[in-house]
Amino acid sequence: MSEPLLRMKNITKVFPGAKALDNVNFSVIPGEIHALVGENGAGKSTLMNVLSGIYPYGTYEGEIIYSNEECRFSKIKDSEKKGIAIIHQELALVPYMTIGENMFLGNERGNAARVDWDETYSKADEYLKIVGLNESSQTLIKDIGVGKQQLVEIAKALAKNVRLLILDEPTASLNEEDSQNLLKLLLKFKSEGMTSILISHKLNEIEQVADSITVIRDGSTIETLVKGKDEISEARIIKGMVGREINDRYPARESHVGGVTFEVKNWTVYHPLYKGRKVCDKVSLNIRKGEVVGISGLMGAGRTELAMSIFGGSYGADISGELYLDGKSANLNNVRAAINNKIAYVTEDRKGDGLVLSNCIRVNTTLAKLSRTSHFDFIIDKDQEVSFAEEYRSRFGVKCAGIEQNVGNLSGGNQQKLLLAKWMFAEPDILILDEPTRGIDVGAKYEIYNIINELVAQEKSVLLISSDMPELLGMCDRIYIMNEGRIVGELAREEANQEVIMAKILQSSKGA
């Protein structure tokens with residue numbers, strides 16, 4: 001076996017009230033794709049932040065040996081000089097700057113006196129060609145999709161002469177086609193001798209490209225599986241991650257569907273900035289009591305725009321159509337009206353729109369309905385707030401040091417569970433879930449599925465938007481198919497499968 005390019009020895013990292021890493025050992029050989037897997041909060045991102053210098057030498061115990069040299073990085077620039085580049089799940093791009101400007105931000109072409117823009121854009125175009133992105137380097141970041149932005153991040157890393165590329169959940173926000181293109185790019189880099197570390201909860205993708213898989217659980221190294229030597233399957237990886245076998249990813253439930261509780265008819269929404277551009281076109285759908293209804297569609301189909309426009313007009317312009325609650329016409333002009341009518345919307349962007357990261361668990365838990373913890377609607381009863389926060393933290397299994405812990409210090413999965421707890425505190429009858437399991441591990445997903453099942457058992461109604469087709473098929477009683485702002489199909493659970501759904505999307509695109 002080749003001498004390791006990277007060895008991390010006995011890495012221990014402690015945060016106030018919690019040990020994030022406990023004597024972790026991790027090694028990577030040159031030219032491999034090495035996957036790092038584990039449940040949310042297991043320590044994966046923390047370990048990579050130690051490696052890249054985000055957590056500087058002195059804030060952790062242990063050694064980093066890279067290219068047979070001990071490294072003591074004090075900042076991320078130090079690791080980049082050694083050819084180590086990290087791409088985080090939340091992309092670090094400036095929307096109103098060009099692709100070229102973003103690629104060389106902090107690594108400018110030219111000299112101390114001036115930036116050489118000709119070199120900036122010509123070099124950027126070279127790297128864009130390498131990653132297969134057919135866009136001008138002078139295009140603004142805001143004008144390209146998430147899949148293309150992910151490629152810009154990789155091109156940005158290549159521009160720093162990267163030898164070891166770390167990708168943290170690179171496909172979490174991508175559709176299937178963009179995900180596969182990214183994985184093919186990693187395999188191409190591997191064939192050219194580049195080494196990659198891949199963090200992902202999409203175990204089918206791990207199985208597809210990884211040469212080695214290291215499992216971390218509760219801040220400790222559990223095992224490393226090597227392709228060709230060990231069994232590598234989703235079931236085997238899950239067992240290492242959670243310490244037990246999960247035979248059924250989607251918990252069973254008995255379906256007891258009642259009458260229609262929520263309905264929209266001919267719902268039309270226009271883009272708030274681009275006048276005349278429809279994002280939802282005469283959409284009609286309904287949900288019954290005790291029912292989970294899914295919305296499937298490709299990225300850009302209008303699913304999130306539909307959900308947000310329904311939720312008190314929180315997105316869109318010139319919204320028209322009819323909305324009914326329990327058969328009665330309703331006019332939800334703002335978010336407060338939606339909440340007061342027992343509708344909740346769990347956003348797909350938990351960090352940007354869902355939670356106040358700089359505030360604590362206690363405050364975040366009760367934000368959606370402060371009237372439950374206040375006197376006269378303006379004086380917060382802190383004792384009551386504490387009581388509710390403790391109750392919901394326990395009920396939703398949020399792992400934390402305590403309810404005063406800042407939400408920004410929680411793992412992604414625990415943030416997602418807190419976001420769900422926040423909206424359940426509002427006591428909704430209709431819950432709209434937008435990508436509720438994106439970027440979280442299989443164990444946390446299972447817990448969220450159980451919560452959904454508990455809700456519908458109480459005759460609540462759930463609208464589930466997801467890009468994860470197996471999730472929709474495993475959890476929904478009915479599935480609406482959306483494409484280019486329109487509903488193009490409706491399938492009962494027993495007739496739905498991936499092939500039928502994709503066929504309806506493709507057929508509707510051809511006929512558009």
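Leu-306 is in contact with Trp-267, Cys-280, Val-283, Leu-285, Ile-295 and Met-482, leaving aside its neighbours within four places in sequence. The model is predicted. Leu-306 sits in helix 9, residues 303-310. Two other topics follow: how domain 1 meets domain 3, and two residues with positive phi.

**Leu-306 and its surroundings**

- Leu-306 has 0% relative accessibility, so it counts as buried; the cut-off for that class is under 20%.
- Its contacts beyond the sequence neighbours include Trp-267 and Met-482.
- Trp-267 is 39 residues away from Leu-306 along the chain. The C-alpha atoms of Leu-306 and Trp-267 are nevertheless separated by 8.3 Å.
- Cys-280, Val-283, Leu-285 and Ile-295 are also among the residues that Leu-306 contacts.

**Domains and the interface of domain 1 with domain 3**

- The domain assignment gives three entries: domain 1 (1-83 + 163-244), domain 2 (94-160) and domain 3 (272-510). Domain 1 is thus written as two segments.
- The centres of domain 1 and domain 3, taken over C-alpha atoms, are 31 Å apart.
- On the domain 1 side, 15 residues make contact; on the domain 3 side, 12 residues do.
- About 1100 Å² is buried between domain 1 and domain 3. Carbon and sulfur atoms give 56% of that area.
- The side of domain 1 that touches domain 3 divides into six nonpolar, seven polar and two charged residues.
- Which number of salt bridges does the rule find across the interface of domain 1 and domain 3? The count is zero.
- Polar contacts between domain 1 and domain 3 also come to zero residue pairs, with both residues at pLDDT 80 or more.

**Two residues with positive phi**

- Most residues other than glycine have a negative phi.
- Asp-218 is not a glycine, yet its phi is positive, at about 50°.
- Asp-218 is placed in the loop between strand 9 (212-217) and strand 10 (220-226).
- Is Asp-218 buried or exposed? Its relative accessible area is 58%, so Asp-218 is exposed, a class that begins over 50%.
- Lys-342 also has a positive phi, near 65°, and is a residue other than glycine.
- Lys-342 lies in the loop between helix 10 (335-340) and strand 16 (343-346).
- Lys-342 counts as partly exposed because its relative accessibility is 30%.

Definitions and conventions. Residues numbered from 1 in each chain as written. Predicted model: local features only at pLDDT ≥ 70, side-chain atom pairs only at ≥ 80, totals over all residues. Heavy atoms only, no water. Helix = DSSP H or I, 4+ residues; strand = E, 2+ residues; numbered from the N terminus. Buried < 20%, exposed > 50% of the residue type's maximum accessible area, 1.4 Å probe, protein only. Domains from an automatic or database assignment. Contact = heavy atoms within 4.5 Å. Buried area = accessible area lost by both parts, 1.4 Å probe. Salt bridge = Lys/Arg side-chain N within 4 Å of Asp/Glu carboxyl O. Polar contact = N/O pair within 3.5 Å; in protein donor to acceptor, adjacent residues only side chain to side chain. Nonpolar A, V, L, I, M, F, W, Y, C, P; charged D, E, K, R; others polar.
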